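Good morning, and thank you for joining. Please take a moment with the sequence and the model before I begin.

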Amino acid sequence: MLAEMRIQGLGVIEDALLELHPGFTVVTGETGAGKTMVVTGLHLLSGGRSEASKVRAGAAKASVEGRFEGLDAAGERATEIVTDAGADVDEDGSVIALRSVSADGRSRAHLGGRSVPVGVLGDLAEQLIAVHGQNDQLKLLRSAQQRAVLDRFAGDAVAAPLAEYRRVRRAWLEVLTELEERSSRSRELAQQADMLRHGLSEIEAVAPEPGEDVELTEQVKRLAAVDELREAASAASAAVSGAADGDPEMPGALGLLADARRRLSGVDDAVLRDLEPRLAEAATLLSDVGAELMTYLDGLEADPERLERILARQAELKKLTRKYAADVDGVLAWADDARTRLDGLDTSDEALAELAAKRDELAAELAGHADAVSKARRAAAADLAGRITAELAGLAMGQAEVELLVRPKEADAGDPHAVAVGGQRLHAGSEGVDEVELVLKAHAGAQSLPVHKAASGGELSRVMLAIEVVLAHADPVQTLVFDEVDAGVGGRAAVEIGKRLATLARTHQVLVVTHLPQVAAFADRHLVVDKGTADGVTRSGVTVLDPEHRVDELARMLAGLDDSEAGRAHAEELIGTADAYKRDRERERAKPAKKTAKKATETASTGQGKTSANTSGTTSGTTSDKSARAKAALSRKKADTGK
C-alpha cells in the first residue's frame, strides 16, 4: 500500500506531506485549493505523462515521492520489478519511488535510490495502484473498454481460451499472408526462385568445405616459400640435434646436454648430482623437438603441380566469395538461407493447395477457440451484470437493471480476417469475435439503452462506481484511488456511495478526492487541502484533521460556513451515522468467527443441560442483533433525509 506521499512544487502545492490510512482516506478542500494536484501527483508517481505546465511558478522542478509498504502482499511481479531495477528495499520491506519534472519539461524517475526509466514506475504502479477518475468513466463508455472490464472480471475463465485463440490466430494470419503473397506475386516470386536456384547450382558445383579458403591460404604460403622454410628448419634441427654428418665440432644442444650430464654424474657432490635429472628432462624435450623438425623436413618438398592445383581451387572459391559472401563460411550460410527461402517461394498449384488446406484447418481451430471465448464471456457477463445491479440497488437506484450484451461482430463483405463461427461469418479480431455493450434500464418500464444514453450524469457516476466496486474484489492491486467519481450525486445516493467506499476499504486501501460531506464522513482519515496567500503568492498545503476540525470541514462542505451551528450539528450527525455503520459492519464481519467458536464449544460439550444453555444464548444473540440492525437502519434513515 501507499503509506506516504510528498508533493513539492506541483501546481499550487509548494510542499505537502500526505500520511495515508491503510483503510479509507479522503481528501477535501475548497475549489481551486489543489485537490486535483494530489491525483496529478499519483499519476506522475505511476509513470504518467509529465507536463512542464504543472510545475509551480518560480520553482525549478516539481517532485512527487511515495513510500510503498507490503510489497510481498502485492505479488511476485511487484517484487520482481523492484529487484530487476536494482532498487534498495528498506529493512521494513518498504520501497521509495520518486518522480521529478523540471521547469523545462525533462522528467526523471528513481526507485529505491536508483535511477530508472519512467516505464519502471509505470510497471510497478500497475501492480500497486489503480486510479479511477472521470476520464476513466468516459473510457468505460467505449465498447472495447467494456469488453476489457468483462475480461478482467472473468479472469482465467476468459483469459485461458483467449490465449489459445490468440496463439492460433497468429499462425492463421501468417498462413493467410503467405498464401496471399504467393498468389498475387507469383511471377516476381518465380524470378526470385530462379535466381536462388542458380546461386545454389554454382555453389553446389564448387562444393566448398567450411574453412577451406583459410586452409588453402596456409598451404599456398608454405609451398611458395619452401626453400626458406627448409633452410630455417634445417638450421634449427642442427642446433638441436647436431650436424647431419656427425661433425664433433657441431654437437648441437643434445650433445652439449649429454656432456653436461656426464660431468655432473661423475662428481662427489650431492648438490651437483641433483641437477642431473633436470638436464635429463631438458634432453627429452629437445629430443622430441628434434624429431618433429626432421618429420617436417621430410614432408617439405617443392611441388609446383600441387601449388598450381591449390591456386586454381582458390580462384574457384574467390568467384563464390565475390558474389555471395566475404568468405567460404558466409557462402555456405547464404546457401542454407537460400534453401529455406526457396521453400517459401514455391508457387506451384500443389504448394498453394497445401497452404489453402492449412489455412482452412487453422480457421476451423480458431473458430472453436473463438466460440469458447464467447461462451465464457456470456457466462461472466450475466454474473457481472447481476453484481452491478445489486450494487446499484444500494446506491439509490433500486429499480435500475444493468445488462452486458455479448454479441458477435459480423464481418464486412471484403473482410480478409473473417472466420465462420456457428454458421456466421464473423470478424476475427485480436480480442475475439465479440462486441460487448453495457446497457441500462433506469427504472421499471424504461427502455434498455446504452448506458451513456440511459443514465443522467449522477446515475452514470453511480453506475461506474458500482462497476469499480465489483471489479475491486477481483483486482489484485491494493490501493484504489477515486477522483470525484461521486460528481453529480448527493443526498441519499451520496451516503450510499460513502458506505460502498467504506466497505471497499476493508479489503483495499482507498483514497478518495471528493466534494461530498456524506462521502467524507465515512473516511478513516480526513485530509484537507488548504490554500492561502502571503506576499502575493498563493500556496497550498495538506493537513490531517483531528475530530473537532473534521466537524468544521464537514460543516463547511454542508453549509458553506464552518461556524454554522446547524452545519456543525448536521456534520456531527453524519459522522455518527458513518461510525455506527462501520461498527455494524465490523460486528457482522466478526459473526463468522463467533459462530465458529460457538460451534466448537457445542461439539466439545456433552449433556442436555449444556445444549440447552447454548440454545438460549443463541436466541439472546439473535435478539441483540435485531436491535442493532434496527438502530443502524434508524441512523441511515436520518442521514438519508438530510437531517
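I shall start with a single side chain: lysine 582 counts as buried, because its relative accessibility is 17% and the cut-off for a buried residue is under 20%. This residue lies in helix α20, which covers residues 565-604. Which residues does lysine 582 touch, if those up to four places away in sequence are not counted? They are Ala502, Arg506, Phe522, Ala523 and Asp524. I should say at once that this is a predicted model, and that what follows should be heard in that light.

Let me now step back to the whole chain. The protein has 643 residues, of which 41% are buried. It contains 21 helices and 17 strands. If we take the contacts with a separation of 6 or more, 72% of them join residues 24 or more positions apart. The exposed surface comes to about 34100 Å², and carbon and sulfur atoms supply 51% of that area.

I turn next to the packing of helices. Two packed helices are described by the angle between their axes and by the distance between those axes. I have two pairs to present.

The first pair is α2, residues 76-84, and helix α3, residues 118-128. Their axes cross at roughly 160° and come within 9 Å. Angles over 145 degrees count as roughly antiparallel, and α2 and α3 are therefore roughly antiparallel to each other. Their crossing is left-handed. On the α2 side the contact is made by Arg77, Ala78, Ile81 and Val82, and on the α3 side by Val120, Asp123, Leu124, Gln127 and Leu128. Sorted by class, the residues of this contact are six nonpolar, one polar and two charged.

Just after α2 comes alanine 85, in the loop that leads from α2 to β5, the strand of residues 95-102. Is alanine 85 buried or partly exposed? Its relative accessible area is 21%, so alanine 85 is partly exposed. Leaving aside neighbours within four places in sequence, alanine 85 is in contact with Leu111, Arg114, Val116 and Val120. Val120 is also one of the α3 residues in the contact with α2. Alanine 85 and serine 115 are 30 residues apart in sequence, with 8.6 Å between their C-alpha atoms.

Helix α3 also holds glutamate 126. With a relative accessible area of 58%, glutamate 126 is exposed. From C-alpha to C-alpha, glutamate 126 and valine 477 are 7.5 Å apart, although 351 residues apart in sequence.

The second pair is helix α10, residues 252-265, and helix α11, residues 270-299. Here the packing angle is about 160°, and the axes are 9 Å apart. α10 and α11 are therefore roughly antiparallel to each other. α10 passes α11 in a left-handed crossing. From α10, the residues in contact are Ala253, Leu254, Leu257, Ala260, Arg261 and Leu264. Among those they meet in α11 are Leu272, Leu275, Leu279, Leu286 and Ser287. Twelve residues of this contact are nonpolar, one is polar and three are charged.

Three further alanines deserve mention. What is unusual to note about phi at alanine 207? Phi is near 55° there, a positive value in a residue other than glycine. Alanine 207 sits in the loop between α7, residues 186-206, and α8, residues 212-224. With a relative accessible area of 40%, alanine 207 is partly exposed.

Alanine 364 belongs to helix α14, which covers residues 349-393. At a relative accessible area of 54%, alanine 364 is exposed. Its C-alpha atom is 8.1 Å from that of valine 419, and the two residues are 55 positions apart in sequence.

Alanine 400 is in the loop between α14 and β9, the strand of residues 401-408. Its relative accessibility is 4%, so alanine 400 counts as buried. Apart from neighbours within four places in sequence, alanine 400 is in contact with Thr389, Leu392, Leu440, Lys441 and Ala442. The C-alpha atoms of alanine 400 and valine 463 are 9.7 Å apart, for a sequence separation of 63 residues.

To close, I return to the two helix pairs: α2 with α3 and α10 with α11 are each roughly antiparallel, and the crossing is left-handed for α2 with α3 and for α10 with α11. Thank you for your attention.

Key:
Residues numbered from 1 in each chain as written. Predicted model: local features only at pLDDT ≥ 70, side-chain atom pairs only at ≥ 80, totals over all residues. Heavy atoms only, no water. Axes fitted to C-alpha atoms, helices over the stretch in contact; angles between N-to-C directions. Helix = DSSP H or I, 4+ residues; strand = E, 2+ residues; numbered from the N terminus. Parallel < 35°, antiparallel > 145°, perpendicular 65-115°, else oblique. Left-handed = near helix turned anticlockwise from the far one by under 90°. Contact = heavy atoms within 4.5 Å. Nonpolar A, V, L, I, M, F, W, Y, C, P; charged D, E, K, R; others polar. Buried < 20%, exposed > 50% of the residue type's maximum accessible area, 1.4 Å probe, protein only. Areas by Shrake-Rupley, 256 points an atom, 1.4 Å probe, with all protein chains shown as cover.
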